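Here's a quick briefing to read with the model open beside you. Keep the viewer handy as you go through the bullets.

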2 protein chains.
Amino acid sequence: MTHSPVACISKATIFNNLPVKMIEKLVPISTHQEYFPKGSIIRQPGDGKDGMIFLDQGSAKIYSINEDGKETVLGILNKGDADGQQNLFRDNIQENFIEALQDTYVCSIERQDFQKLLKRTPDLALNLLNSFGEQLVIIETNSIRRNSMNAQERIVAYLKDLSKKQGSNVIELKLKKKDLASYLGITPETLSRKLKKLQKENRIKISGRRIILL
Amino acid sequence: MTHSPVACISKATIFNNLPVKMIEKLVPISTHQEYFPKGSIIRQPGDGKDGMIFLDQGSAKIYSINEDGKETVLGILNKGDADGQQNLFRDNIQENFIEALQDTYVCSIERQDFQKLLKRTPDLALNLLNSFGEQLVIIETNSIRRNSMNAQERIVAYLKDLSKKQGSNVIELKLKKKDLASYLGITPETLSRKLKKLQKENRIKISGRRIILL
DNA sequence: CCCATTTCTTGACTTAAATCAAGTAATTTT
DNA sequence: AAAATTACTTGATTTAAGTCAAGAAATGGG
């Protein structure tokens, strides 16, 4: 498959409302299709990388490791997803790990290059600012949801989101169940039990990592 | 006390890194010191208000009401706080209520006025964009915290934050305990018990809505 | 293909926090 | 200031989800 820099960049939430003309200005400051084999670490604390990444092919998990060595999965990146937008705007300390779950190709933009571009392209800033507003709302809504939903509701909400995203009621989980559990803020045991319960109630059908919403 | 428009606006997180020259451009498009008596509703769904507000004097609570009529407190606004930044950038449906907890004065900026200003002030967009990056990080961190803390830890974290903010280990709760509980995502009963427990462990001292951190 | 490792499931048990209920304290209204 | 409403506390009970443990299934490497 051929790689289209414009298509790759414009898939990122913060850029996807941008006119093509703007995206084209981002192409020269971005790297393209770096390869990371399955299981390798794409980003980690102290690697000196300072910007955002786009997942062009493959998938990856974002996680942090807390004081007692426990891993918390903060998010998953699938083909077309992006992470680290914030790093374009502020000098943040990268505290999370990103690990390739499959053979993965990533593109990236470094903060310094981006900031220089912004200064000579005022329209870009204006467009981006409005995108950001929307993002803030999504994050806030998500946070409220998490606080007001129990384990089962969160699972169902996740499955519905995924079904909508994949455009089918046959869902292909890209995450190991233990990673999914961590992402949903529950234990693998609870996830296993709730899925079984949902199946018993004829709301889903499970076969391995494939789930059918009924 | 006299009212300083510049001081009022610059207290909002998204504007507080802005040079005074930029803030001054915001003054003409903002309303100032609207009065709301204690208990009155400052903003509510369907009121046609479409922008952000600054709390100049007094305090207020932000809450939503879900399907079964239950109230969830999403945040508190104290003197100097602001809310609704997102509304400046996107046409959002206002879904929350904001209610004055004391006699309150608010200033505000409407979306349309702000957008017009942005278009003729590119530097403002650039400055704001970088502020936003930082905000996103704070919100994300908070969300992680909430997911990994139990009731008592969240209470202690809240009290410590407040102590830091008020610059004293004698904390004046501006919220009713039931509202505080809702804000922390717990029940009033749990809050009551945990506070009692913390007092027993000599970590705090409670007298009404005044708490001393030890 | 087999052995080792990791992931997943299931059961028994524990625990944190919610709910229910009833009484006390604090506010607000008249 | 008394009555009425709302807020807070406390105890008893329930419940959702976590922990611990052990076996089954899946995955990966040699």
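What follows covers the DNA-facing surfaces, then the helix packing, then a sheet in chain A.

Bear in mind that this is a predicted model. Two surfaces face DNA here: 16 residues sit around DNA strand D, and 15 sit around DNA strand C. On the strand D side, α7(B) gives the most residues, while on the strand C side that role goes to α7(A).

**Around DNA strand D**

- If you want the residues that come nearest to DNA strand D, look at Asn150(A), Ala151(A) and Thr190(A) from chain A, plus Lys178(B) and Ser192(B) from chain B.
- Four helices each put at least two residues into this surface: α5 (151-166) and α7 (188-200) of chain A, and α6 (177-184) and α7 (188-200) of chain B.
- The top contributor is α7(B), with 5 residues.
- Sorted by class, the surface near DNA strand D comes out as 7 charged, 6 polar and 3 nonpolar residues.

**Around DNA strand C**

- For DNA strand C, the residues that come nearest are Lys178(A) and Ser192(A) from chain A, with Asn150(B), Ala151(B) and Thr190(B) from chain B.
- Here α6 (177-184) and α7 of chain A, along with α5 and α7 of chain B, each supply at least two residues.
- The biggest share comes from α7(A), which gives 5 residues.
- The class count for the surface near DNA strand C is 7 charged, 5 polar and 3 nonpolar residues.

**How α5 meets α7 in chain A**

- The axes of α5(A) and α7(A) come within 10 Å and cross at roughly 75 degrees, so α5(A) is roughly perpendicular to α7(A).
- At this crossing, Ala151(A), Gln152(A) and Ile155(A) of α5(A) meet Thr190(A), Leu191(A), Lys194(A) and Leu195(A) of α7(A).
- That contact is made up of 4 nonpolar, 2 polar and 1 charged residues.
- Two names here turn up again at the DNA: Ala151(A) and Thr190(A) are among the residues that come nearest to strand D.

**How α5 meets α7 in chain B**

- In chain B, the axes of α5(B) and α7(B) lie 10 Å apart and the helices pack at about 75 degrees, so α5(B) is roughly perpendicular to α7(B).
- The residues that meet are Ala151(B), Gln152(B) and Ile155(B) from α5(B), and Thr190(B), Leu191(B) and Lys194(B) from α7(B).
- By class, this contact has 3 nonpolar, 2 polar and 1 charged residues.
- As for α5(B) itself, it runs over residues 151-166, 16 residues in all, and reaches 22 Å from its first C-alpha to its last, close to the 22 Å expected at 1.5 Å a residue.
- Just after α5(B) comes Gly167(B), which has a positive phi near 65 degrees.

**A sheet in chain A**

- Chain A has an open sheet of 4 strands in the order β2-β7-β4-β5, with antiparallel pairing.
- Its edge strands are β2 (41-43) and β5 (71-78), each of which pairs on one side only.
- On average, neighbouring strands of this sheet are turned by 30 degrees against each other, direction ignored.
- Within the sheet, β4 (residues 59-65) and β7 (residues 97-100) of chain A pair in the antiparallel sense over 4 bridges.
- Along that pairing, Tyr63(A) stands opposite Phe97(A) in β7(A).
- Packed on the sheet is α6(A), which touches β4 and β5 of chain A and whose direction makes about 105 degrees with that of β5(A).

Definitions and conventions
Residues numbered from 1 in each chain as written. Chains lettered and ligands numbered in written order. Predicted model: local features only at pLDDT ≥ 70, side-chain atom pairs only at ≥ 80, totals over all residues. Near = placed C-beta within 6 Å. Nonpolar A, V, L, I, M, F, W, Y, C, P; charged D, E, K, R; others polar. Axes fitted to C-alpha atoms, helices over the stretch in contact; angles between N-to-C directions. Parallel < 35°, antiparallel > 145°, perpendicular 65-115°, else oblique. Contact = placed C-beta atoms within 7 Å. Expected span 1.5 Å × (residues − 1). Pairing = 2+ DSSP bridges.
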